[in-house]
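Here are my notes on the model you sent over. Have it open while you read.

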Amino acid sequence: MSSKKHIVLTVTTDPNYDQRMIRICTSLHNAGYDVTLIGRERPNSKPLIERPFKQVRIRQRIDSGKLFYAIYNLKLFFYLLAKKMDAVCAIDLDTILPVYYISKLRRKPRVYDAHELFCEMEEVVTRPATQKMWYWIERHTVPYFKYGYTVNKSYVDEYRRMYGVEYAIVRNATVLKPLTIPEKKEKYILYQGAVNKGRCFEQLIPAMQQVNARLIICGEGNFYAAAQQMVADLGLQEKVVFKGYVPPAGLPAYTLDAWVGITLFVATSKSNELSLANRFFDYMHYGVPQLAARYPEYENINNEYEVAALLDEITPGTIAVALNRMLTDDAFYHRLQEQCMKAREVYCWQEEEKRLLAVYEKLFSENNEQYARHTV
């Protein structure tokens, strides 16, 4: 690249813990772009972990609710107003408004990175007034983001159907690295990710009463306190262990030694039903068979490479039966493990980043000096 193009990417998460954004920004940096990731500094945030790309955190005392989004978006708008950039990328709807208006005001190309079907997330669909607000934001902005990418084909189809945009698929696949599966000293079950509503903890935790293994939970979220209370109420403190937030660099120590991984969602929201979670690939890449719901994206991959036991119905009973089989049926378990080792060669970040870079290559090739006169 003859001269470095500066790409600014915006999130509401803490950059220390956003594995997808760490991968994306690292790939863009390695491809020769000047990259800045703007995120949130929470009241309990730890110092920024050094990365090859630039990172900025906007300090935010109010940590949740509508007031949080209003203040954060306002701060982000004024920060972007003076920030040097050649393109700006909004990650999900919660930063899209300042990105949209800044890109118009400063006549810069814009990109939409949709991690979710935001308006169909569990925490949004259960609050009709909130959902209505986010849908207004989505209709007001997404149709005018010509360039974009999302995490699976189901989401691509939905965005095309709703807004007529044609986005690329950039899955949340893990970076492929050499792997030797260690001898497992303990057959523990692992959940890594946000401990949020809709992630089936109401079914998983009671199921542990019938499973002779420990469940280790790495992550926090809006269901964290309720999950801890449920464990206490059921007397499962010795069986269910909460590790809280674990930085990405610390997760492999838990994943590598796990016997089974958990990727479960309640299909009460379309975003959940059509999801393809980061952890699905993380478990796969460490040769860890997993328990997942029989939703379209997981079933499509599992039909090609059987890396998971899929549940048609998610109840404490069905979870317990499936986990006990994976703990005791050696032939079944090792078949899944072998399939993980094959699938990780195909579903890896080295393949996904090719599509990511193609989006930005197309954007910069199509947006020359004339862009300023033709921006919507």
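The points below cover the cysteines, one helix and a set of strands.

1. Ground rules: this is a predicted model, where local features need pLDDT of at least 70, side-chain atom pairs count only at pLDDT 80 or more, and totals for chains, interfaces and linings use all residues. Residues are numbered from 1 along each chain as its sequence is written, and side-chain values use heavy atoms, with hydrogens and water left out.

2. Searching the whole structure turns up zero disulfides (a pair of cysteine sulfur atoms within 2.5 Å). For Cys-89, the nearest cysteine sulfur belongs to Cys-25, 8.6 Å away. Cys-200 can't bond either, because its closest cysteine sulfur, in Cys-218, is 18 Å off.

3. Both Cys-89 and Cys-200 are buried (under 20% relative accessible area, with a 1.4 Å probe and protein chains only). The value is 0% for Cys-89 and 0% for Cys-200.

4. Which residues of helix α12 (residues 296-304) are buried? They are Glu-297, Tyr-298, Ile-301 and Asn-302. These fall within an arc of 125 degrees seen down the axis, so they line one face of α12 (the arc is that of the directions from the helix axis to the C-beta atoms).

5. Strand β2 (residues 34-41) is largely enclosed by the rest of the structure, because six of its eight residues are buried. It runs parallel to β1 (residues 6-10), joined by five bridges (strands pair if DSSP finds at least two bridges between them), with Ile-7 opposite Val-35. Six bridges join β2 to β3 (residues 54-59), also parallel, and Glu-41 has Arg-59 in β3 as its bridge partner.

Key
Buried means under 20% relative accessible area, exposed over 50%, partly exposed in between (1.4 Å probe, protein chains only). Helices (H or I, at least four residues) and strands (E, at least two) are DSSP runs, numbered from the N terminus.
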